[in-house]
Amino acid sequence: MKNKLLSFLKQAAILLLSAALSGLVVGLYQLGIQQIVKVSTFMYTSRTPLILLTLIILVAFCVVMNQLIILGDSSIDGSGIPSMKLERRNNIESKWYKDIPLLIGNSYASTFSGFTLGSEGPSVVLSSKINSGINKLFKNEDKTSEEISEGAGFGCAFLSPLAGICYAFEESIETKLNYKAIIKTLAIIAVAFLVTSLINKNHLLSLSTFETIAFKDYYIFPLLLLINVIFSVIFYKLMLILRGFFIRRKNNIFIKNRSFPLFLITFILNIFIIEYMQSGGKIIASIHENTNFLILIGVLILRISLTAISGSGSVTGGLVIPIMTIGAINGQIISTLSSEFFGFDESYFELISLISALMFFGILIHTPLTSCALLYSCISLATKNFVIALTILPIFVLTIFISYLITSRLFKLDSLYEGMIEVSKKAANKAAA
């Protein structure tokens, strides 16, 4: 009895320690990202020769550092989530002591350079690898807690414990779900969120205003469903084609060194159109102000292309916010057309962009519940009212689950991460044959 109690207390202490460290590291990482974005934006928008020269030198340093890190540690390529999942399934020992600092450093480098990648993917990986490292140090075998920690990283990145819990259940936990896993999930995410909320106050998603959509305007939801289903299929196929292509030809000198032209193109685009670059958080927050249809189409094509190319490998950064950005642009396109032809109220534009962003994310990553949780958190934060958020949730739940069923059943789309894992294995086998 005494041994069982000691074992329980040890596992509980390890669990809480890893959760607290996850919250600490992710909070500090997110804080660092915010400062780097500010410095990068200042330098890219400056026209002072000395500042621009300094920027060129720093980006050149980031190029070299990125190339050396990616060639030396492929597990942090892209968001790192597919590689992490593959490591766990194949029982490959995680080199957490090396991966954590390299992931943070290379994510900062790609963020400073202005890539269209986010910080939420690395946050998920960081949290899981911290848990893995703590388990290794204390010789504690607990893969379930590593999976749950992914949800903690997600919840800490978005400052939404509810979204973290949903993400853990939908995307992270691959072992059998039972009451012990549920208790662990609640404990890990609660502690991690408590710690990170003391450090980081920046919400990656937010609403400045909220207007309840009138029932007569609900025709907007089938239109959102249509555009997001179409572009989710396009984006999904493009991502997997590019990832497979790059892996099959990974020994080709041009493919191996493709980060050099990618950094150059990103640098030039940030100099001239920085308002449409970076991870996309600012675009999600402001796209509702743009009603120029041609510009919206151009930005949509730009974001799909850059996110697919950079997200398929050669730099470090998450896909969630970039994916949401594409969805937000889709929403604004529908809002603009609806306003032009049906008199759709412009006061709804900001909410529709957010709804479309979360819908696109839920479809591609197969996380409809997480999307619902994020929408609830955003509306509650904007209104300071936990009840009013429920007014929009029923129609959103209906729309996103229909979209999810259409893409998963009709078009046979798996989660984007799972698709990337499968295409990586197939491409690697073909390259080895």
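How do the residues lining the largest pocket divide into nonpolar, polar and charged? In this predicted model, the lining holds eleven nonpolar, eleven polar and twelve charged residues. The volume of this pocket is about 880 Å³. Its lining comprises 34 residues. Ser74, Ser75, Asp77, Ile247 and Lys250 are the closest to the pocket centre. Several helices take part. At least two lining residues each come from H2 (49–72), H3 (81–89), H4 (96–113), H9 (220–248), H10 (253–256) and H18 (416–432). H18 gives the largest share, with five residues.

The second largest pocket encloses about 620 Å³. Thirty residues form its lining. Nearest its centre lie Val37, Asn202, Ser279, Gly281 and Lys282. By class, this lining has twelve nonpolar, 14 polar and four charged residues. Helix H1 (2–45) and helix H12 (281–286) each contribute at least two residues. The largest share, six residues, is from H1.

Attention now turns to the packed interior. In soluble globular proteins, nonpolar side chains tend to be buried together. The largest nonpolar core of the model contains 111 residues. Within this core, Phe158, Leu205, Phe235, Met324 and Leu416 have the most contacts. Helix H15 (residues 349–365) is the main contributor, supplying 13 residues. A second core, separate from the largest, has twelve residues. Among them are Val26, Ile148, Ile189 and Ala192.

Leu416 was examined in more detail. Neighbours within four places in sequence were set aside. Leu416 then contacts Phe235, Tyr236, Met239, Leu240, Leu319, Ile323, Leu364 and Ile365. One of these partners, Phe235, is also among the core residues with the most contacts.

Another partner of Leu416 is Leu319. Leu319 sits in the loop between helix H13 (293–311) and helix H14 (320–342). Its relative accessibility is 1%, so Leu319 counts as buried; the cut-off for this class is under 20%. With neighbours within four places again left out, Leu319 is in contact with Ser79, Leu117, Glu120, Met239, Thr307, Gly311, Leu416 and Met420. Met239 thus appears in the contact lists of both Leu319 and Leu416. Leu319 and Tyr97 are separated by 222 residues in sequence. Their C-alpha atoms are 24 Å apart in space.

Note on methods: Residues are numbered from 1 along each chain as its sequence is written. This is a predicted model: local features need pLDDT of at least 70, side-chain atom pairs count only at pLDDT 80 or more; totals for chains, interfaces and linings use all residues. Side-chain values use heavy atoms; hydrogens and water are left out. A nonpolar core is a set of buried Ala, Val, Leu, Ile, Met, Phe, Trp, Tyr and Cys residues joined through side-chain atoms within 4.5 Å. Buried means under 20% relative accessible area, exposed over 50%, partly exposed in between (1.4 Å probe, protein chains only). Helices (H or I, at least four residues) and strands (E, at least two) are DSSP runs, numbered from the N terminus. Contact means heavy atoms within 4.5 Å. On a 1 Å grid over the protein atoms alone, a cavity is a set of points where a 1.4 Å probe fits but cannot get out, and a pocket is an open set with protein on both sides within 12 Å along at least five of seven lines; lining residues have an atom within 4 Å of a point. Grid points are joined across faces, edges and corners, and a volume is the space filled by probe spheres set on the points. Ala, Val, Leu, Ile, Met, Phe, Trp, Tyr, Cys and Pro count as nonpolar, Asp, Glu, Lys and Arg as charged, and the others, Gly among them, as polar.
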